[in-house]
Amino acid sequence: MTTETINKLIIISSPSGAGKTTLCKLLIKKMKNINLSISYTSRNKKLNEIHGKDYYFVSKEKFKELKKKNYFVETAKNFNNLYGSPFINIHKSIKNNRHILFDIDWKGARKIRRKYKKDQIIDFFILPPSKSELKRRLIKRGRDNKKEINLRLSYAIDEMRHFSEYKYVLINENVQKTVDDIKKIIEYRQLIDNQKKILKNKLKKIINI
Ligand code: 5GP
């Protein structure tokens, strides 16, 4: 099944700790025409997280109930927790004529690619500058305990093997530069789309096709 949207579905994936959440927040500040898709998760809320802003935190039972009702465009299991992107975010963005940004993993990205047309999607994979930097960032954000950090590190290596499924792969050495690069790529893709539209209309008038 393919579904029509006017604006882009922007996917940003990366291993936990590569700086993706900060990137997404900065990008939304810089680009006024993007909505963030707030996911549902069955994992516990961390101290600095806000329900309805970072995630909708729900029980496993509630999550499964929503999934049964076809509430999610995609779901995935990570670190023994369930994560899912609700359809409603996409519908709202279309209505408000805005892009929608998904901060999701490669499994979710694959599912979105299956449901939407290629030219509706702009997908980025963000790599950390090194493995040691990834570990340092995971420790620095102070969100997870030692066991979780080690779990996330081992998942990170597996996750990074999927970088080649993405059109744009960026190494996040400097968060401001990475955000600027993402912004430029989105604007470039919009420009190409607009050019195509203009050209199509002009050609119709000039050579009647
Ligand atoms: P965290 O628990 O660190 O916030 O997220 C763990 C992983 O789950 C990250 O790679 C994050 O991108 C991914 N994730 C968060 N929300 C979703 C979602 O709705 N769907 C999918 N497929 N992955 C998600």
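Reader: Which elements each supply at least two residues of the shell around the ligand?

Author: Strands β5 (72-78) and β6 (81-86) and helix α4 (106-115) each do; helices are DSSP runs of H or I with at least four residues, strands runs of E with at least two, numbered from the N terminus. The model is predicted, with local features needing pLDDT of at least 70, side-chain atom pairs 80 or more, and totals for chains, interfaces and linings using all residues. Residues are numbered from 1 along each chain as its sequence is written.

Reader: Which residues come nearest to the ligand?

Author: Ser39, Ala76, Tyr83, Ile104 and Gly108, of 14 around the ligand (C-beta, placed from the backbone, within 6 Å).

Reader: How do I read the sheet, and what is its strand order?

Author: Strands of a sheet pair through backbone hydrogen bonds, parallel or antiparallel. Here five strands form an open sheet in the order β2-β7-β1-β8-β9, with parallel pairing (at least two DSSP bridges per pair). Strands β2 (34-36) and β9 (168-171) are the edges, each pairing on one side only. Four bridges join β8 (residues 121-127) to β9 in the parallel sense, and Leu127 stands opposite Ile171 in β9.

Reader: How do I read two packed helices, and at what angle do α5 and α6 cross?

Author: Two packed helices are described by the angle and the distance between their axes. The axes of α5 (residues 131-140) and α6 (residues 146-160) come within 10 Å and cross at roughly 145° (C-alpha lines over the stretch in contact; angles from 0 to 180 degrees between N-to-C directions). Leu134, Lys135, Leu138 and Ile139 of α5 meet Ile149, Arg152, Leu153 and Ala156 of α6 (C-beta atoms, placed from the backbone, within 7 Å).

Key
Two residues are in contact if their C-beta atoms, placed from the backbone, lie within 7 Å.
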